[in-house]
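User: I should like to go through the terms applied to this structure and the reasons behind each of them. Please set each value against its cut-off.

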Amino acid sequence: MAHDTGGRGGRFRFPAFAPTRMMTPRPGERVDGRPIMVGLLCLALVGVGVLARTGIECLVGMAFPTGLWGLSAAGIRLAASLLGTAVTVVCVILWCRLREKRRYVRVGLSGRGIASECGIGALGGLILLAGAVGICTAGGGLDVMRGEHTPVGWVILFGLLFIVQGFSEELLFRAHLMAGLSGTCPLWGCVVINASLFSLLHLFNSGIGVISVINTFLFGVLMSLLVLRRGSIWMAGMVHAMWNFAEGCLFGGAVSGLHGAPSVLVTVVRVDAPAYRFLCGGSYGPEGGLAVTVVLSLGLLAVVLWPTKRTERDL
């Protein structure tokens, strides 16, 4: 329930999760909002994206089997896979716009305050991931040190690729799936369904475990609430992108079990330390440990308690 904190006309609401324009179906749309249909369509779009990523990864891997310009073969394959997520971005936008007749605001691409939304999102993603790494380091599960001969050009390129990858998942799960369910499901149902499917599709990643599945679900919930709070995917997309970029390219860890990103820092794991598995996530990376559970829980609390100014997007 919303609670007015005062001011003229209840200008600020705390904490409010009223349907935004993104979550409000419009006349003339052709969205089949039944959960089973929206879910199946989401899986179909995932399949198209996986095929594209796999194809691009194989072609690039065969072209550069030993790496390229200081980047390892694993890094080349990871870059190709991230580039393939651009296909998902294009497919989701085209489907929502041309087939379902959604306006851009219904796809989470509101044109208001994009720069500030992205900037705050990037800072938030960095703070969250750095907090998790700090907990892992304090717990004795890993050490972080300066890397040598870091290919700066590759780091910048991977930053751009992680932005594409982060927004591809936000478009698919929060803009297409969650907003698509808004005509038939309550807000909590939209959040739970999209976060559940988001976490289940990470089951194919290397080193997955129970804690990593829970953390992925919490991350999906956090991104969903952030989208509901802001009325667009800009901030959530940059949180997602910066989280992955910081994890792989700043701290040198595995990104949801994936390795190969060029990194400014080097993370040295203490495999024999008790904290390595339960706190730091083992081979899956920090997302598989309780340190990420803590920071995501704090992030959820911050979003829920974040007072918001009533704007046109909230109407």
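Analyst: Buried means under 20% relative accessible area, exposed means over 50%, and partly exposed lies in between. The model is a predicted one. By that cut-off, Arg102 is buried, and so is Glu100.

User: What makes Arg102 and Glu100 a salt bridge?

Analyst: The closest N and O atoms of Arg102 and Glu100 are 2.9 Å apart. A salt bridge requires a side-chain nitrogen of Lys or Arg within 4 Å of a carboxyl oxygen of Asp or Glu, and the pair of Arg102 and Glu100 therefore qualifies.

User: How many salt bridges are counted by this rule?

Analyst: The count comes to five salt bridges. Among them is the one between Arg106 and Glu29, whose closest N and O atoms are 2.8 Å apart.

User: Why is the pair of Arg106 and Glu29 said to tie parts of the chain together?

Analyst: Arg106 lies in the loop between α2 and α3, while Glu29 lies in the loop between β1 and α1, so the salt bridge links parts that are 77 residues apart in sequence. Arg106 has 1% relative accessibility and counts as buried. Glu29, with a relative accessible area of 16%, is buried as well.

User: Which term applies to Arg34 and Asp32, buried or partly exposed?

Analyst: Arg34 has 47% relative accessibility and counts as partly exposed. Asp32, at 33%, is also partly exposed. Their side chains meet in a salt bridge, at 2.7 Å from N to O.

User: Why is Leu98 called exposed?

Analyst: Its relative accessibility is 55%. Because exposed means over 50%, Leu98 meets the term. Leu98 belongs to helix α2, residues 73-99.

User: Why is Ala241 called buried?

Analyst: Ala241 has 2% relative accessibility, and the cut-off for buried is under 20%. Ala241 is placed in helix α7, residues 234-250. Its C-alpha is 9.4 Å from that of Leu126, although 115 residues separate the two in sequence.

User: Why is no disulfide assigned between Cys185 and Cys190?

Analyst: The closest cysteine sulfur to that of Cys185 is in Cys190, at 5.1 Å, which is too far for a bond. A disulfide needs two cysteine sulfur atoms within 2.5 Å. The structure holds zero disulfides. Cys185 itself is buried, at a relative accessible area of 15%, whereas Cys91, at 25%, is partly exposed.

User: How do you know that the length of α4 agrees with what is expected of a helix?

Analyst: Helix α4 has 29 residues and reaches 40 Å from its first C-alpha to its last, close to the 42 Å expected. There is also a kink of about 30° in α4, centred on Leu171.

User: What makes α4 largely enclosed?

Analyst: Of its 29 residues, 22 are buried, so the rest of the structure largely encloses α4. Leu160, in α4, has 52% relative accessibility and counts as exposed. Leu160 contributes to a nonpolar surface patch of about 440 Å², together with Val152, Ile156, Leu157 and Ile163.

User: How does the span of α6 compare with the expected value?

Analyst: Helix α6, residues 210-230, reaches 30 Å from its first C-alpha to its last, close to the 30 Å expected. Since 16 of its 21 residues are buried, α6 is likewise largely enclosed by the rest of the structure. Just after α6, Gly231 takes a positive phi of about 80°.

Conventions: Residues numbered from 1 in each chain as written. Predicted model: local features only at pLDDT ≥ 70, side-chain atom pairs only at ≥ 80, totals over all residues. Heavy atoms only, no water. Patch = residues over 30% accessible without salt bridge, like charges linked within 9 Å, V, L, I, M, F, W, Y side chains within 5 Å. Areas by Shrake-Rupley, 256 points an atom, 1.4 Å probe, with all protein chains shown as cover. Helix = DSSP H or I, 4+ residues; strand = E, 2+ residues; numbered from the N terminus. Buried < 20%, exposed > 50% of the residue type's maximum accessible area, 1.4 Å probe, protein only. Expected span 1.5 Å × (residues − 1). Bend = angle between axes of the 7 residues up to and from the residue.
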